[in-house]
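The exercises below ask you to read a fold from its strands, one of its helices and a few backbone angles. Please work each task with the sequence and the model open before turning to its solution.

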Amino acid sequence: MLSALFAFVLVAYFLMSPSTANACVEGLAWGMPQSEINDHLNGAVRQEDLNHQRLIARNIHLDQLPVSQLTLDMNEQGGLASLAYEFSMDDMTEVLAGLSARHGKPISTSIKEDHYEDQLWVWNTGEDLITAVKRTSGNVQKFLISYRPSRLNPETL
């Protein structure tokens with residue numbers, strides 16, 4: 001139960017926290033308005049139902065890797081607050097290797113519950129908090145990379 005609560009808090013933590021730093025992934029910046037994001041993604045962004053702060057883009061690419069879904073959360077001012085990429089399980093090793101090559105060795109942990117098992121990798125770049133999650137639930141596996149602005153610069157510790 002404690003590990004499930006930890007996983008929930010970790011996921012909620014990286015999905016919430018607005019900022020205006022220029023970080024994120026190539027071509028996007030924290031605080032960027034929806035119109036600029038849509039231009040950058042060639043019009044692929046759609047509003048998710050009635051939630052005006054959540055945008056979805058499907059079947060796009062990050063560099064040459066296909067992304068089945070990109071979820072973008074906007075802050076109250078309409079700027080980019082966090083994002084999450086869902087990749088194919090076949091691309092997990094390449095994505096993790098790329099993040100490790102760029103940002104160094106991550107903090108990692110595993111959580112095992114009755115109905116699922118999560119593997120988590122976390123990087124704090126000083127500008128971004130990057131979290132990779134591999135979730136296995138029965139025969140279904142998902143791989144997600146999320147970014148949000150970092151609220152703690154590692155150099156201050």
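Two strands are said to pair if DSSP finds at least two bridges between them, where helices (H or I, at least four residues) and strands (E, at least two) are DSSP runs, numbered from the N terminus. The model is predicted, so that local features need pLDDT of at least 70 and side-chain atom pairs count only at pLDDT 80 or more, whereas totals for chains, interfaces and linings use all residues. Residues are numbered from 1 along each chain as its sequence is written, and side-chain values use heavy atoms, with hydrogens and water left out.

**Exercise 1. The sheet**

Establish the order of the strands in the sheet, and find which strands lie at its edges.

*Solution.* Begin with the inventory: the protein chain has three helices and eight strands, and along the sequence they follow the pattern α-α-β-β-β-β-α-β-β-β-β. Next, trace the pairing, which is antiparallel and gives an open sheet of eight strands in the order E1-E2-E3-E4-E8-E7-E6-E5. The edge strands, each pairing on one side only, are E1 (45–48) and E5 (107–112). Neighbouring strands of this sheet are turned by 20° against each other on average, direction ignored, with axes taken as lines fitted to C-alpha atoms, for helices over the stretch in contact, and angles running from 0 to 180 degrees between N-to-C directions.

Then follow individual pairs. E1 and E2 (residues 51–62) pair in the antiparallel sense over four bridges, and glutamate 48 has asparagine 51 in E2 as its bridge partner. E3 and E4 are antiparallel and joined by six bridges, with aspartate 73 opposite serine 82 in E4; these two strands form a hairpin with five residues between them. Five bridges join E4 to E8, again antiparallel, and here tyrosine 85 stands opposite isoleucine 145 in E8.

**Exercise 2. The two sides of helix H3**

Decide which residues of H3 are buried, and what they pack against.

*Solution.* Helix H3 (residues 92–103) has 12 residues and reaches 16 Å from its first C-alpha to its last, close to the 16 Å expected at 1.5 Å a residue; the expected span is 1.5 Å times one less than the number of residues. Now sort its residues by relative accessible area, calling them buried under 20%, exposed over 50% and partly exposed in between (1.4 Å probe, protein chains only). The buried ones are Met92, Val95, Leu96 and Leu99. Because they cover an arc of only 95° around the axis, they lie on the same side of H3, the arc being that of the directions from the helix axis to the C-beta atoms. On the other side, Thr93, Glu94 and Ala101 are exposed. Finally, the buried residues of H3 pack against strands E3 (65–74), E4 (80–87), E6 (117–124), E7 (128–137) and E8 (140–149). Of these strands, E4 is mostly covered, with seven of its eight residues buried.

**Exercise 3. Positive phi angles**

Locate asparagine 42 and asparagine 59, and determine whether each counts as buried or exposed.

*Solution.* Most residues other than glycine have a negative phi. Asparagine 42, although not a glycine, has a positive phi of about 55°; it sits in the loop between helix H2 (34–40) and E1, and at 73% relative accessibility it counts as exposed. Asparagine 59 has a positive phi near 55° but is found in strand E2, and at 67% relative accessibility it also counts as exposed. For glycines, look at glycine 104 just after H3, with a positive phi of about 90°, and at glycine 78 in the turn between E3 and E4, where phi is positive at about 85°.

Notes. Contact = heavy atoms within 4.5 Å.
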